[in-house]
Amino acid sequence: MGSVARPLHLAARLLDVVSSRRLSPTEQAEVAKYLLSPEERTLFWAQPRADQRHALASARCVLAARPDRRDMIRAALFHDIGKRHSGLGAIGRSWAVLCGALNRSSRRATAYGDHGRLGAAELARAGAEPMVVAYARHHHGSRPGEITPEDWAVLQAADRAEPPWPRRAAAHP
């Protein structure tokens with residue numbers, strides 16, 4: 001993402017986090033069919049509502065591209081579950097991103113920046129398939145060997161879907 005696009009992307013995400021609403025009962029049912037165990041249900045529903053909404057929007061993008069790939073849809077649903085460990089709200093998340101850009105840190109900013117590793121460890125303990133664990137761990141880094149370049153491109157595009165993804169996604173249950 002370019003030097004101008006990244007701040008605009010982050011500003012748009014901040015606005016969506018602040019204005020995010022709960023998933024509707026129809027959206028909750030859509031998500032629930034991909035949650036395979038009580039542990040996965042706990043992990044997914046423990047996320048803040050903006051992260052749940054982003055996960056659903058990402059999963060819908062993958063579903064449109066690869067409807068036969070349940071593992072990829074699940075990877076999109078779970079990729080950010082580690083973010084909740086930071087305990088940061090909308091402003092705090094923006095602060096954490098700024099801290100990272102300035103090479104500054106705090107315990108909460110570090111947890112936010114390390115959400116991939118934290119989420120992947122939880123998913124592995126919950127018994128999620130390798131694709132789901134690998135994507136959670138690496139989605140902000142380089143493609144791991146467990147994920148093909150074609151699958152990686154689909155997952156990355158779904159994660160980068162620009163706002164107004166929650167509103168557009170919510171309009172098409």
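## Asp80 and its surroundings

Asp80 is located in the loop that joins α5 to α6 (90-101). In this predicted model, the residue counts as buried because its relative accessibility is 4%, below the 20% limit for that class. Leaving out residues up to four places away in sequence, Asp80 touches Gln47, His54, His115, His139, His140 and Asp159.

Two of these partners, His115 and Asp159, can be described further. Asp159 belongs to helix α10 and, with a relative accessibility of 9%, also counts as buried. Its side chain forms a polar contact of 2.9 Å with the side chain of His79.

## Helix α8: His115 and Gly116

His115 is part of helix α8. Its relative accessible area is 5%, so His115 is buried. When residues up to four places away in sequence are set aside, His115 touches His79, Asp80, Gly82, Lys83, His139 and His140. The C-alpha atoms of His115 and Arg84 are 8.0 Å apart in space, while the two residues are 31 residues apart in sequence.

Gly116 lies in helix α8 as well and counts as buried at 8% relative accessibility. Beyond its neighbours within four places in sequence, Gly116 is in contact with Ala136, Arg137 and His139. For Gly116 and Ala136, a separation of 20 residues in sequence corresponds to a C-alpha to C-alpha distance of 5.1 Å. His139 is thus named among the contacts of Asp80, of His115 and of Gly116.

## The nonpolar core

The largest nonpolar core comprises 32 residues, and those with the most contacts inside it are Phe44, Val62, Leu77, Phe78, Leu123 and Leu155. Two or more residues of this core come from each of α3 (38-45), α4 (49-65), α5 (70-78), α8 (115-125), α9 (130-138) and α10 (149-159). Helix α8, which holds His115 and Gly116, is therefore also one of the elements that contribute to the core.

Phe78 illustrates the contacts of a core residue. Not counting residues up to four places away in sequence, Phe78 touches Leu35, Glu40, Phe44, Leu123, Val132 and Ala136. Among these partners, Phe44 and Leu123 are themselves listed with the most contacts inside the core.

## Aromatic pairs

The model contains 3 aromatic pairs. In one of them, the ring centres of Phe44 and Phe78 are 6.4 Å apart and the ring planes meet at 85°, so the arrangement is edge-to-face. Because Phe44 lies in helix α3 and Phe78 in helix α5, this pair ties together parts that are 34 residues apart in sequence. Phe44 and Phe78 are both buried.

The pair formed by Tyr135 and Trp152 is likewise edge-to-face, since the ring centres are 5.6 Å apart and the planes stand at 75°. Tyr135 is in helix α9 and Trp152 in helix α10, so the pair ties together parts 17 residues apart in sequence. Both Tyr135 and Trp152 are buried. In addition, ring pairs join Phe44, Trp45 and Phe78 into a cluster.

## Helix α2

In helix α2 (residues 25-32), the buried residues are Glu27, Glu30 and Val31. They are placed on the same side of α2 because the arc they cover around the axis is only 95°.

## Overall organisation

The secondary structure consists of 11 helices and 0 strands. In sequence order, the pattern reads α-α-α-α-α-α-α-α-α-α-α. Of the 173 residues in the protein, 45% are buried.

Among contacts between residues at least 6 apart in sequence, 67% connect residues at least 24 apart. The pair of Phe44 and Phe78, which ties together parts 34 residues apart, provides an example of a link over such a separation. The protein exposes about 8800 Å², of which carbon and sulfur atoms supply 58%.

How values were computed:
Residues numbered from 1 in each chain as written. Predicted model: local features only at pLDDT ≥ 70, side-chain atom pairs only at ≥ 80, totals over all residues. Heavy atoms only, no water. Core = buried A, V, L, I, M, F, W, Y, C linked by side-chain atoms within 4.5 Å. Buried < 20%, exposed > 50% of the residue type's maximum accessible area, 1.4 Å probe, protein only. Helix = DSSP H or I, 4+ residues; strand = E, 2+ residues; numbered from the N terminus. Contact = heavy atoms within 4.5 Å. Polar contact = N/O pair within 3.5 Å; in protein donor to acceptor, adjacent residues only side chain to side chain. Phe/Tyr/Trp six-rings, centres within 6.5 Å; stacked < 30°, edge-to-face > 60°. Arc of directions from axis to C-beta. Areas by Shrake-Rupley, 256 points an atom, 1.4 Å probe, with all protein chains shown as cover.
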